[in-house]
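Work through the exercises below with the sequence and the coordinates open. Try each task before reading its solution.

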Amino acid sequence: PGTAGTLFALPMFAAFLLLGFTQQALAWACIPAFLVGCWICEITGKALGHPDHGGMVWDEMVSMWLLLSFLPTNAMTWSVAFIVFRFFDTIKPWPISWLDRRVKGGIGVMLDDLIAAGFSLLVMTIVLQNDLI
């Protein structure tokens, strides 16, 4: 489900751009989306009896939107960004794994993906600055 949620974030982000939103506006919109996500994931996790249920994908979507808002809008960049984000979200290297184990509830669900997006942005910046794609 996390992969599907991340994948679904791509056409949603493109639709936002087609509707006239700027990447800067979408980056700012990720702040309230993150905060609402903390609340939504807290409630949904309790209702489902699993704090980070696989069916909850708001965390992946918001984090992917944030990542895309800082990248060039082309299919190759977005494809590589998708792969890089899924790598960090799945593998959870330190400090993502540390946060994932210690920060619970809705904030924990949202935070590990946010940090994965940050790592992804770092990698994508290096990739783009060195013309690797």
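The model is predicted.

**Exercise 1. A pair within α2**

Task: Find how glutamate 42 and lysine 46 are placed in helix α2, and say how their side chains meet.

Solution.
- Start with the spacing. Glutamate 42 and lysine 46 are four residues apart in helix α2, so about one helical turn separates them.
- Now check the side chains. They meet in a salt bridge, at 3.3 Å from N to O. The cut-off for such a pair is 4 Å.
- Then look at the surface. Glutamate 42 has 29% relative accessibility, so this residue counts as partly exposed. Lysine 46 reaches 62% and therefore counts as exposed.

**Exercise 2. The two sides of α2**

Task: Determine which residues of α2 are buried, and which elements they pack against.

Solution.
- Helix α2 covers residues 23-48. Its buried residues are Leu26, Ala27, Cys30, Ala33, Phe34, Gly37, Cys38, Cys41 and Gly45.
- Follow their packing. The partners are α1 (2-18), α3 (58-68) and α6 (105-129).
- Next, turn to the surface patch. Val36, Trp39, Ile40 and Ile43 make a nonpolar patch of about 380 Å².
- Take one member of it. Isoleucine 43 lies in helix α2. Its relative accessible area is 42%, so isoleucine 43 is partly exposed.
- Finish past the helix end. Glycine 49, just after α2, has a positive phi of about 75°.

**Exercise 3. A salt-bridge network**

Task: Trace the salt bridges that involve aspartate 89, and say which residues make up the network.

Solution.
- Recall the principle. Side chains of opposite charge can pair when their charged atoms come close.
- Take arginine 86 as the opening partner. Its closest N and O atoms with aspartate 89 are 2.6 Å apart, and the two form a salt bridge.
- Check the spacing. Arginine 86 and aspartate 89 are three residues apart in helix α4 (residues 75-91), so about one helical turn lies between them.
- Add lysine 92. This residue also forms a salt bridge with aspartate 89, with the closest N and O atoms 3.3 Å apart.
- Test for burial. Arginine 86 and aspartate 89 are both buried. Lysine 92 is buried as well.
- Close the network. Salt bridges link Arg86, Asp89, Lys92 and Asp112. The model has four salt bridges by this rule.

**Exercise 4. Glutamate 60**

Task: Is glutamate 60 buried or exposed? Which residues does it contact beyond its sequence neighbours?

Solution.
- Locate the residue. Glutamate 60 is in helix α3.
- Read its accessibility. The relative accessible area is 8%, under the 20% cut-off, so glutamate 60 is buried.
- List the contacts, leaving out neighbours within four places in sequence. They are Gly2, Thr6, Phe85, Arg86, Asp89 and Asp113.
- Compare with the network. Arg86 and Asp89 belong to the linked salt bridges.
- Add one distance. Glutamate 60 and aspartate 112 are 52 residues apart along the chain, and their C-alpha atoms are 9.5 Å apart.

**Exercise 5. The nonpolar core**

Task: How many residues form the largest nonpolar core, and which have the most contacts inside it?

Solution.
- Count the members. The largest nonpolar core has 32 residues, and Val62, Met64 and Trp65 have the most contacts inside it.
- Assign the elements. Two or more residues come from each of α1, α2, α3, α4 and α6. Helix α4 gives the largest share, seven residues.
- Inspect methionine 64. Leaving aside neighbours within four places in sequence, its contacts are Thr6, Ala9, Leu10, Trp78, Ala81, Phe82 and Phe85.

Conventions: Residues are numbered from 1 along each chain as its sequence is written. This is a predicted model: local features need pLDDT of at least 70, side-chain atom pairs count only at pLDDT 80 or more; totals for chains, interfaces and linings use all residues. Side-chain values use heavy atoms; hydrogens and water are left out. Buried means under 20% relative accessible area, exposed over 50%, partly exposed in between (1.4 Å probe, protein chains only). Contact means heavy atoms within 4.5 Å. A nonpolar core is a set of buried Ala, Val, Leu, Ile, Met, Phe, Trp, Tyr and Cys residues joined through side-chain atoms within 4.5 Å. Patches are made of residues with over 30% relative accessible area and no salt bridge: like charges are joined within 9 Å, nonpolar side chains (Val, Leu, Ile, Met, Phe, Trp, Tyr) within 5 Å. Accessible areas come from the Shrake-Rupley method with a 1.4 Å probe; for residues, only the protein chains shown count as cover.
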